[in-house]
Amino acid sequence: MTEVEIPEVTTSSDESTRIIEKSSKIITAYQHALIRLPSEGLKIVQLRPDGVISLGKFGSFEVNEILGFPFGQSFEILENLKVKPTKSISQLHDDGEAGENSDEAIEDVEKEKDELTKMFSNSAEHNQNIINIGSKIQKLSNEEIDELKKSGATSKIGQTIIEKMIAGHEGFEKKTIFSQQKYLKRKQQKFLRRFTVEYLGASQLLQYYIEKDIQRVLDMSEESLGLLMTYANIRPGGRYLVIDETGGVILYAMMERMKGQGSIVLVHDNEHPNIIALRHSDYPEESINSMIKTINWLQFVEPDNEKIDWEDATAEELEEMKPSKRAQYDRRSKRAHEINEVINIVQEGNFDALVSVSSLHMPTLLEHVLPTIGGSRPVVIYNQFKELLLETQHFLMSDKRVLAPSIFESRVRAYQTIPGRMHPLMTMRGFGGYVLWGTRVIPKESGVQAIGRGIIKRKREDTPSTEDEKSDKKPKEE
Amino acid sequence: MSFYQYKDTIEEGDLVFAFISRGTIKPIVITRDQQLNTRYGHYEHNDMIGMKYGQQMAGARGYGFIHLLHPTPEMWTLSLPHRTQIVYTSDSSYIMQRLNVVAGTRVIEAGTGSASFTHSFARTVAAEGRLFTYEFHEPRYNEAKRELEEHNMTGNTLITHRDVCNDGFELDNIPENFQHDGGINGDVIFLDLPSPWTAIPHLNSVISQTSRVGICCFSPCIEQVDKTVKALQDEGWTEIEMVEVAGRRWEARKDMVKDIKDVVKRLKDIQSRKNQGIENRRHAKVKSGEKRDHDQVDSGDNGSDSDKKFQNLGKGFNPFGKGIRVREGDDGFEWRNVTKVEGEVKSHTSYLTFAYKIPVPS
Ligand SMILES: C[S@@+](CC[C@H](N)C(=O)[O-])C[C@H]1O[C@@H](n2cnc3c(N)ncnc32)[C@H](O)[C@@H]1O
């Protein structure tokens, strides 16, 4: 899998250690943050003091300008790398769309409203006559737009462009106020130099990857991530066994919920685990290392072969070692202890959940994994394909070590959210994946008579059968 | 702290979920000399003490079995006594994910109702977080309060008897360990009550004044959403978006593969038997009361596939088990794996209206 290019992000470890405790509330130096652009584009940036962040065609600004504001704050880019805090990108439109509530104090909103009112005075009542909003109604050429954007650096450019567009929009006058507002919203989002700085939570990180490279997160939606975290019962102090082929998005979501308490054993299929997404996490390397232990499948499946025979050197031996030899010894010693430690943890087992987000074949994998999961703990498996979970579910049903395995699908449908005009948006994502949830149990080896068959058999033995042969009644579950 | 932490062995006084079937999960408190009686067998509490969580237990009279499960909020949601409509996991998990509810978050919830979501919130905000939950219906308040105490959840969850629409959320005597900067200072709000728009104006004094606050209002009717959105706008909430969560559960099933070649072969077989008068003999046999259990069907498993289908019981070629009881997945037939959506889909739970509030820049 190739890494997505994110120009601003290069965490050198000395910088991440400057974060003592990361804040999810205040925009804080050295942390990573999500920048949401009016066009609904996303960017992850690291907030280096005195640094400059470029948002491409939207302009650039100095990091210091935004530090100390709460996460979620929107800004407008001014000249000379300055910004000013402003109402959220969406609120502008909320106000506009709500239309009537005019006691809005914020100055720029007033101004925009003035603009709008001017244009709305000629509005038609009904929009039957509106010609389809296509390229046809767009009198400005791309070159004209670019030129306008280059011609100055003031925040008014976006506004001017929009005005121009309206002027050149033949059908505009024939629209209802509502449609005009909707049109303006679209245009504003495209051109206004506003952006919002959000805390980079697990949902934001997921959303970022969904937009950049959905394959990396195996098509997972936010609602599926929520299901995974909830059904796996993720919380501080838990000991979890995790397979995460998203490069660490799942790990990050778990760490966010665990707040540094508990442990994760990550099983991976390469020599080294891919946890590249954690570089945006702002957790210091030491705390990642102390919380997450990694083990590869070879070590997992053949622990006894893979344990490293290691004897610490005596104090005297250490004394005698040359510096170069000593460094080598230290490396080897560290590695041996790490590997043996994680193998021991796995052999001890009794994990508080299995969380699997993987493209590996589950029935064969689960043979090795299930024995390590504690009794009554959740087994939660994500896949983008329902058919693969179906196979897994059938395997589990005959295996009996996982109770009531079920496949869950969750799909969020967004609405146009304007009072009096609520309706579902025309399109929604088709992806999102599926989550299998079951509970690890300890089946009784023998002497258990399932109620369905047992009772019926007994009845048969006792009394002449009266069962309807053709009955296709299903036996009681389990 | 059973909803906050696992243990391995069942002890007296523990809350245990007796899993009988997916639709029948019974929360029981292990009490000496008590019995759990179900249609599916009888189970002695005394025998449960010392067993491992997750263990399967056989009924005392030799039939039936249950699994003994550890409490989790998700099991609770499936088994709790319904005093009201409740929030199910597909909604609650999404709301917590979207509003970034994690260990340490301070949540305000109204009304408590059957405390389904309350349990889930309390687990996720964990020991460092706080949950302030409000219920104005007195019997429900009392029930919920008792539950929270029995479930050892009062360390991070504070329930208040209050009509939040008329009297707001402010508390006079917040226990010291529930205060933050001297107040409630909520980060996340969840409103599941009939008129959230009347509660929204009361929120300003109990939410964080220094960081972004998220809200979700949970209402079944679109008219309620309308009023809620207006109230949120009036109170300065932004990024207002309403969504719906469609959650489904899929069951794994098996469907018999019925090859047209076998259909034709069977028809030919019937025809030739008719000609030979064998059909008549078969009827005579059935009358004599001989019935076959599927075990017998299973037994002929030597030989080729079509031998298997040829049940070899004097009844002709019967590849799909016509006239005998065939269970899904029985040997001797060919199956393919299929999914089927659960019998009753929750096609509409509620509309979820999300919004955020940012402190005004000073
Ligand atoms: C649908 S139930 C909540 C269910 C809950 N979310 C759960 O998951 O179990 C709504 C509850 O809100 C309570 N309620 C309604 N209006 C209220 C008010 N003004 N103040 C406090 N509680 C209120 C009702 O008594 C009812 O118990």
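**Entry 1: a covered helix in chain B**

I began with helix α4 of chain B, residues 116–125, and found it mostly covered, with 10 of its 10 residues buried. The model I am reading is a predicted one. I listed the buried residues of α4(B) by name: Ser116(B), Phe117(B), Thr118(B), His119(B), Ser120(B), Phe121(B), Ala122(B), Arg123(B), Thr124(B) and Val125(B). I then looked at what comes just after α4(B), and there Ala126(B) adopts a positive phi of about 60 degrees.

**Entry 2: salt bridges within helix α5 of chain B**

I looked up the total for salt bridges, which is 32 over all chains of the structure. I turned next to helix α5 of chain B, residues 138–150, which contains both Glu143(B) and Arg146(B). Their side chains form a salt bridge, at 3.3 Å from N to O. The two residues are three apart in the helix, about one turn.

I checked how far each partner is covered. Glu143(B) has a relative accessible area of 31% and is therefore partly exposed, since that class runs between 20% and 50%. Arg146(B), at 37% relative accessibility, is also classed as partly exposed.

I noted a further pair in helix α5 of chain B, Glu149(B) and Lys145(B), four residues apart, again about one turn of the helix. They are joined by a salt bridge whose closest N and O atoms lie 3.3 Å apart. Glu149(B) is partly exposed at 42% relative accessibility. Lys145(B) is partly exposed as well, with a relative accessible area of 30%.

Which residues are linked with Glu143(B) and Arg146(B) in a network of salt bridges? I found Arg83(B), Glu147(B) and Glu150(B) in that network.

**Entry 3: Arg249(B) and Glu251(B)**

I recorded another salt bridge in chain B, in which the side chains of Arg249(B) and Glu251(B) meet at 3.7 Å, N to O. Is Arg249(B) buried or exposed? Its relative accessibility is 14%, and because buried means under 20%, Arg249(B) counts as buried. Glu251(B) has 24% relative accessibility and counts as partly exposed.

**Entry 4: chain A as a whole**

I moved to chain A and looked up its overall figures. Its secondary structure amounts to 17 helices and 15 strands. The chain has 478 residues, of which 51% count as buried. I also looked up the contacts in chain A between residues at least 6 apart in sequence, and 69% of these join residues at least 24 apart. The exposed area of chain A is about 22700 Å², with 49% of it supplied by carbon and sulfur atoms.

**Entry 5: charged patches on chain A**

I searched the surface for charge and found a negative patch made up of Glu316(A), Glu317(A), Glu319(A) and Glu320(A). I placed Glu316(A) in helix α13 of chain A, which covers residues 315–320. Glu316(A) has a relative accessible area of 63% and so counts as exposed, the limit being over 50%.

What charge does the surface patch containing Lys322(A) and Lys325(A) carry? It is a patch of positive charge, in which Arg331(A) and Arg332(A) also gather. I assigned Lys325(A) to helix α14 of chain A, residues 323–348.

Notes. Residues are numbered from 1 along each chain as its sequence is written. Chains are lettered from A and ligands numbered from 1 in the order in which they are written. This is a predicted model: local features need pLDDT of at least 70, side-chain atom pairs count only at pLDDT 80 or more; totals for chains, interfaces and linings use all residues. Side-chain values use heavy atoms; hydrogens and water are left out. Patches are made of residues with over 30% relative accessible area and no salt bridge: like charges are joined within 9 Å, nonpolar side chains (Val, Leu, Ile, Met, Phe, Trp, Tyr) within 5 Å. Accessible areas come from the Shrake-Rupley method with a 1.4 Å probe; for residues, only the protein chains shown count as cover. A salt bridge is a side-chain nitrogen of Lys or Arg within 4 Å of a carboxyl oxygen of Asp or Glu. Lys and Arg count as positive and Asp and Glu as negative; His and the chain ends are not counted. The place of a charge is taken as NZ of Lys, CZ of Arg, CG of Asp or CD of Glu. Buried means under 20% relative accessible area, exposed over 50%, partly exposed in between (1.4 Å probe, protein chains only). Contact means heavy atoms within 4.5 Å.
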